[in-house]
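Please look through the sequence and the model below before reading on. The paragraphs that follow start with the pairing of strands, go on to the overall fold and the confidence of the prediction, and end at a pocket.

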Amino acid sequence: MSTETPAQTPAETPAENAADNAPIRFDTKIAVLLRDDLEPWQRLNVTAFLVSGLGATVPEVVGEPYADADGVPYLPMFRQPVLIFEGSKETLTAAHGRALTRVLPRAVFTSDLFATGNDRDNRTAVKAVRTGDLDLVGLAVYGPRNAVDKVLKGARMHP
């Protein structure tokens, strides 16, 4: 068990004076858009699945591993907040189209995935449906803040 703490970048180093306490602003945004008719358990499940895709394929979104004061290591997490939004089926479909147009890294969750129980069947279910016919219940996007904001036009922050 290692007792070393991970190296921190200057923007993540603990503040040494009052000027260093300014909030960190990111040039990028991680956002999840959920359909507003999902049950609470579905919202949590869809969010977890969607962001796992970003962490696996966009390495710059993942920070350094964590460790507590006793040196117990923990997995790394995203280096920035994940913002959660909600919207109607139409809002989700429009956002998906805008994400495709902007060629942003994205993950989708369709209603069909609630009936599957594994990754292989999930991929098969998505592959069976044409892009315009996907019954989207969730979308995750990552990219420059202004591009993500444009993708999410019409969505509202999740309560």
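Two strands are said to pair here if DSSP finds at least two bridges between them. With that in mind, strand 1 (residues 28-35) and strand 6 run antiparallel and are joined by seven bridges, and within this pairing L33 has L139 of strand 6 as its bridge partner. Strand 6 also pairs with strand 5, again in an antiparallel arrangement, through five bridges, and here T110 finds its bridge partner in L136 of strand 6. How many of the nine residues of strand 6 are buried? Eight of them are, so that strand 6 (residues 136-144) is mostly covered, where buried means under 20% relative accessible area.

These strands belong to a predicted model whose secondary structure comprises four helices and seven strands. Followed along the sequence, the elements appear in the pattern β-α-β-β-β-α-β-α-β-α-β. Of the 159 residues in the protein, 31% are buried. Among the contacts with a separation of 6 or more, 76% are between residues 24 or more positions apart in the sequence.

How far the details can be read depends on the confidence of the prediction. The protein has an average pLDDT of 87, and 87% of the residues score at least 70. Confidence is highest in strand 3 (residues 73-74), with a mean of 98, and lowest in strand 7 (residues 156-157), with a mean of 87. Over residues 1-17, by contrast, the pLDDT is below 50, although this stretch has 14 contacts in the model beyond near neighbours in sequence. Where pLDDT is low, the predicted coordinates should not be read in detail.

A last feature to consider is a pocket. Rolling a probe the size of a water molecule over the atoms shows where empty space is left. The second largest pocket has a volume of about 230 Å³, and which elements give two or more residues to its lining? They are helix 1 (40-57), strand 5 (106-110) and helix 3 (119-127). The residues that line this pocket are F49, L50, S52, G53, A107, V108, F109, L113, D119, N122, R123 and V126. By class, the lining consists of seven nonpolar, three polar and two charged residues. Strand 5 thus appears twice in this account, as it is joined to strand 6 by five bridges and also contributes to the lining of the second largest pocket.

Conventions:
Residues are numbered from 1 along each chain as its sequence is written. This is a predicted model: local features need pLDDT of at least 70, side-chain atom pairs count only at pLDDT 80 or more; totals for chains, interfaces and linings use all residues. Side-chain values use heavy atoms; hydrogens and water are left out. On a 1 Å grid over the protein atoms alone, a cavity is a set of points where a 1.4 Å probe fits but cannot get out, and a pocket is an open set with protein on both sides within 12 Å along at least five of seven lines; lining residues have an atom within 4 Å of a point. Ala, Val, Leu, Ile, Met, Phe, Trp, Tyr, Cys and Pro count as nonpolar, Asp, Glu, Lys and Arg as charged, and the others, Gly among them, as polar. pLDDT is the predictor's confidence in each residue, from 0 to 100. Contact means heavy atoms within 4.5 Å. Buried means under 20% relative accessible area, exposed over 50%, partly exposed in between (1.4 Å probe, protein chains only).
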